[in-house]
Amino acid sequence: MPLLTVNDLTTHFHTRAGVVKAVDGVSFSVDQGQTLAIVGESGSGKSVACYSLLKLIPQPPGKIESGTALFDGRDLLSLSEKQLRKVRGNDIAIIFQDPMTSLNPYLTVGEQLIEPLLYHRDMARKQALQRAVEILGEVGIVEPEKRVHSYPHEFSGGMRQRVMIAMALIAEPKLLICDEPTTALDVTIQAQILKLIRELQQRRNIAVIFITHDLAVVADIADTVAVMKEGRIVEQGSVDAIFNHTQHDYTKKLLASIPKGAKPIPARIEDQPLLSIHGLSTTFRDHSGSFLKREQKLVRAVDDVSLDIQHGEILGLVGESGSGKSTLGRSILGLVPTSGGSVVFDGIDLTGMSGKQMTPLRRRMQMIFQDPYASLNPRMTVFDALAEPLLYHKLATRKTVTKEVLALMDDVGLARASIRKYPHEFSGGQRQRIAVGRAIATKPELVIADEPVSALDVTIQAQILKLILQLVEKHNLTMLFISHDLSVVRYMSDRIAVMHHGKLVETGETETLFAQPQHDYTRQLLSAIPLLDGPIAVMV
Amino acid sequence: MGRFILSRLLQAIPVLLVVITATFFLVRAAPGGPFSAEKIVPPEVVKALEARYKLDQPMWQQYFSYLNDLAHGEFGPSFRYPGRSVNELILGGLPTTAELAFYAMLVAIFIGACAGVMAALKPNTPQDYIPMSAAMLGICMPSFLMGPLLVLIFGVWLEWLPVSGWGDLPGDKILPAITLGTGYAAYIARLSRGGMLEVMSQDYIRTARAKGLPEWVVVLKHGLRGGLIPVVAFLGPAFAGLLSGSFVVETIFQIPGLGRFYVQAAFNRDYTMILGTTVFFAALIVLFNLLSDIIAVWINPKLRHQLREGR
């Protein structure tokens with residue numbers, strides 16, 4: 001008998017704009033010791049479905065309209081708030097997506113860890129703290145006796161997620177709901193966390209519901225898969241059935257949008273560097289250390305990097321966060337002061353140029369930023385955002401600017417009718433189209449794209465990546481493509497450069513690098529991605 | 001932390017100097033003087049008085065000798081209470097005013113925080129609208145209206161509480177404390193509502209609920225600390241404001257506190273008394289701002305950490 005059987009669950013949100021059917025008649029079940037993955041894009045209702053089980057959705061506007069959820073012989077949906085409280089954190093625990101915001105910054109992790117024991121087990125504080133130390137050790141926190149008294153901000157993102165896992169498991173629940181537990185983390189850390197969840201699950205023989213948008217992760221850990229779209233489950237079955245005998249078109253689309261595979265070296269590349277970097281270094285001052293013995297440590301964010309980018313080439317730059325890859329991109333454009341080395345763009349040495357001298361060159365070098373929400377001015381319409389660079393660099397006059405902007409919007413696939421709209425009226429993918437449009441407005445030769453798709457859903461990612469590739473072809477662009485996502489970089493780049501601790505550790509043709517990584521760190525990076533082998537290799 | 005406090009204290013010096021200078025010249029610029037009363041005093045006497053209080057010296061000389069006195073902690077002699085120094089007068093009135101301000105503060109925090117938190121827990125319902133409308137009313141209503149109104153209702157009509165006085169009757173501290181505290185209670189209510197609303201929508205509140213904690217633990221343990229940070233930052237300036245703003249209430253309720261000396265000093269052109277109280281209050285405001293900043297750092301582990309690291 002399954003541990004949890006959900007039948008015809010329906011949750012609606014009653015907003016001023018009308019009723020949103022977030023979850024619309026969903027049924028699924030999970031057995032003890034098994035993992036059910038619920039896959040879907042953001043907004044597909046996968047999180048709402050799981051939060052509804054514990055009534056953790058905001059009510060109002062949310063309302064559970066109908067359905068049953070049999071857990072251990074009881075219907076969760078008909079329990080009173082008081083009875084449900086005994087289930088939360090005790091029988092069913094949740095690991096949330098963002099470990100940075102899901103821990104209370106004002107309480108020590110120990111204090112937060114022991115709460116389920118205090119309220120569900122009536123355990124004494126001292127014993128509970130002892131248990132907290134044990135479980136912190138179990139999830140791989142070093143020196144747990146000391147760390148139990150630390151505050152969340154003293155932990156890194158990966159470590160905080162380990163704390164969240166410890167907190168979920170401390171009362172030994174029967175069912176663990178993991179809501180995108182690795183989305184906010186780096187690839188290497190993602191692999192560690194997934195491994196940890198899997199190990200703990202096997203050791204305790206608990207059931208897991210794993211909510212994710214990442215199909216690659218699903219292949220790694222799930223027994224059964226449910227694919228959700230617009231509040232409904234469109235397909236469910238075993239991992240093998242989903243990946244190898246795909247029924248529904250949407251699932252096929254999801255599978256196809258995982259960036260992967262090799263591609264031939266395109267003809268657009270000329271054997272002549274557009275950008276040459278030689279011995280480039282960028283250092284930041286780090287003001288850590290006690291205040292009496294203040295050491296002004298210099299952090300070498302970019303450390304003696306030399307690199308050529310050929311005309312028409314897409315060079316992928318990979319590394320974990322903090323490896324200096326973004327700083328390198330900014331250093332090239334002179335957006336951060338460099339401390340040594342030279343940057344030569346099309347034969348012009350940019351080192352030590354004044355802002356005024358840089359102005360005409362800025363037109364030829366543009367940047368696409370990571371976050372399409374933060375990098376667009378919320379008070380400028382699409383027209384304003386796209387017209388500004390055109391007018392500033394005198395590429396259009398007041399009279400011709402509207403025509404130019406419309407042409408740009410066609411280029412990046414934005415509907416002409418939305419020219420007077422503001423950024424908040426667009427989805428994340430459309431906003432990134434605006435950002436791309438703004439970057440190519442000045443007809444640049446070099447575009448530096450800094451994690452342009454990491455804030456987007458997979459299917460949207462694929463669209464934006466395709467758009468960028470088209471534009472590279474059409475406008476003969478040269479691109480430095482910065483990303484932490486190896487499959488994205490592999491899809492985009494002709495050549496890949498790997499950065500680690502500010503140093504360039506390896507560069508190579510994309511497929512050569514994937515097949516025969518030379519440097520230890522590259523190997524480590526490659527082994528960390530949940531690669532699509534096994535069942536999915538068929539799809540490639 | 002030590003460096004932070006030191007630098008804030010050093011910043012206070014120019015602030016106080018500006019206050020002293022402005023007040024010093026402004027009171028002297030006002031028409032009339034301490035000895036120009038209705039009663040005609042013989043010119044010789046005025047001259048003797050002015051010589052005694054150094055008023056016959058050039059203005060700049062008076063200014064620097066006053067600064068010199070201040071540097072030694074002396075506010076000088078009072079012009080209108082012969083034989084008594086401003087120091088004595090301030091110290092005499094301060095305990096009463098401080099006591100009143102303290103009670104008013106308790107009233108303000110208790111009513112304000114309760115109303116604000118209540119409103120934040122059920123936003124956009126009557127539980128939110130009613131306390132918040134009352135708060136708006138409280139902010140708008142000046143104490144010279146609030147005081148007599150309360151006296152009228154509770155003192156005259158209902159005869160529950162004494163209408164004025166201080167320290168003679170058991171209930172005579174209630175009305176002044178409420179009158180003085182209401183405006184601040186209203187302000188604290190709005191601040192704590194805003195703070196709590198923001199905190200209660202945080203992910204970590206959802207985490208706390210997902211652990212199966214009772215709602216009161218979620219609110220009081222996980223919500224309150226973050227939600228009241230804006231209130232704590234306001235407490236310092238508020239307390240200083242209560243001390244220096246108490247003169248209206250002290251006048252209404254006939255309370256022998258510092259505020260009444262202050263008002264009388266202004267009417268009497270008691271230069272040293274005006275200056276002394278102004279400088280004293282300015283120093284208090286600076287001090288309490290610093291105190292509330294220190295507390296704000298202390299309850300926020302992240303800031304505490306950053307300061308310890310010397311950042």
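**Exercise 1. Work out what share of chain B's 311 residues is buried, and what the chain is built from.**

*Solution.* Start with burial: 43% of the 311 residues in chain B count as buried, meaning their relative accessible area is under 20%. Keep in mind that this is a predicted model, so each value here is computed from it.

Next, look at the secondary structure. Chain B has 14 helices and zero strands. Its pattern along the sequence is therefore just α, repeated from α-α-α through to the end.

Last, check how far apart the touching residues sit in the sequence. Take the chain B contacts with a separation of 6 or more: 72% of them are between residues 24 or more positions apart.

**Exercise 2. Lay out the open sheet of chain A that contains S6 and S10, and find what packs on it.**

*Solution.* First, get the strand order. Six strands of chain A form the open sheet, and they run S6-S7-S8-S3-S9-S10 with mixed pairing. The edges are S6 and S10 (232–238), each of which pairs on one side only. From one strand to the next, the twist averages 15°.

Now zoom in on one edge. S6(A) runs parallel to S7(A), residues 175–179, and four bridges join the two. One pair to look up in the viewer: Ala93(A) has Leu176(A) in S7(A) as its bridge partner. As a reminder, strands of a sheet pair through backbone hydrogen bonds.

Then add the helix. H10(A), residues 249–256, packs on the sheet and touches S3 (35–39), S9 (224–229) and S10 of chain A. The direction of H10(A) makes about 100° with that of S9(A).

**Exercise 3. Count the cavities of 30 Å³ or more, then describe the largest one.**

*Solution.* The idea is simple: rolling a probe the size of a water molecule over the atoms shows where empty space is left. There are three cavities of 30 Å³ or more, and the largest has a volume of about 80 Å³.

Which residues line the largest cavity? From chain A come Gly89(A), Ala93(A), Ile94(A), Phe96(A), Pro116(A), Met164(A), Met167(A) and Ala168(A), while Thr207(B), Ala210(B) and Lys211(B) come from chain B. Elements giving two or more residues are S6 (92–95) and H6 (157–169) of chain A, along with H8 (203–210) of chain B. H6(A) has the largest share, three residues.

Sort the lining by class and you get eight nonpolar, two polar and one charged.

**Exercise 4. Do the same for the second largest cavity.**

*Solution.* The space here is about 50 Å³. Its lining consists of Thr35(A), Leu194(A), Ile197(A), Arg198(A), Gln201(A), Phe210(A) and Ile221(A). H7(A), residues 187–204, gives the most, with four residues. By class, the lining splits into four nonpolar, two polar and one charged.

**Exercise 5. Find the residues nearest the centre of the second largest pocket, and the elements around it.**

*Solution.* Begin with the volume, about 450 Å³. Of the 19 lining residues, Arg362(A), Gln366(A), Pro389(A), His393(A) and Arg438(A) lie nearest the centre.

Now the elements: H12 (355–362), S16 (365–368), H13 (382–392) and H15 (428–440) of chain A each give two or more residues. H13(A) contributes the most, four residues.

Finish with the classes: the pocket lining has eleven nonpolar, five polar and three charged residues.

Terms used: Residues numbered from 1 in each chain as written. Chains lettered and ligands numbered in written order. Predicted model: local features only at pLDDT ≥ 70, side-chain atom pairs only at ≥ 80, totals over all residues. Heavy atoms only, no water. 1 Å grid on protein atoms, 1.4 Å probe; cavity = no way out; pocket = protein on both sides within 12 Å on 5 of 7 lines; lining within 4 Å. Points joined across faces, edges and corners; volume = space filled by probe spheres on them. Nonpolar A, V, L, I, M, F, W, Y, C, P; charged D, E, K, R; others polar. Pairing = 2+ DSSP bridges. Axes fitted to C-alpha atoms, helices over the stretch in contact; angles between N-to-C directions. Contact = heavy atoms within 4.5 Å. Buried < 20%, exposed > 50% of the residue type's maximum accessible area, 1.4 Å probe, protein only.
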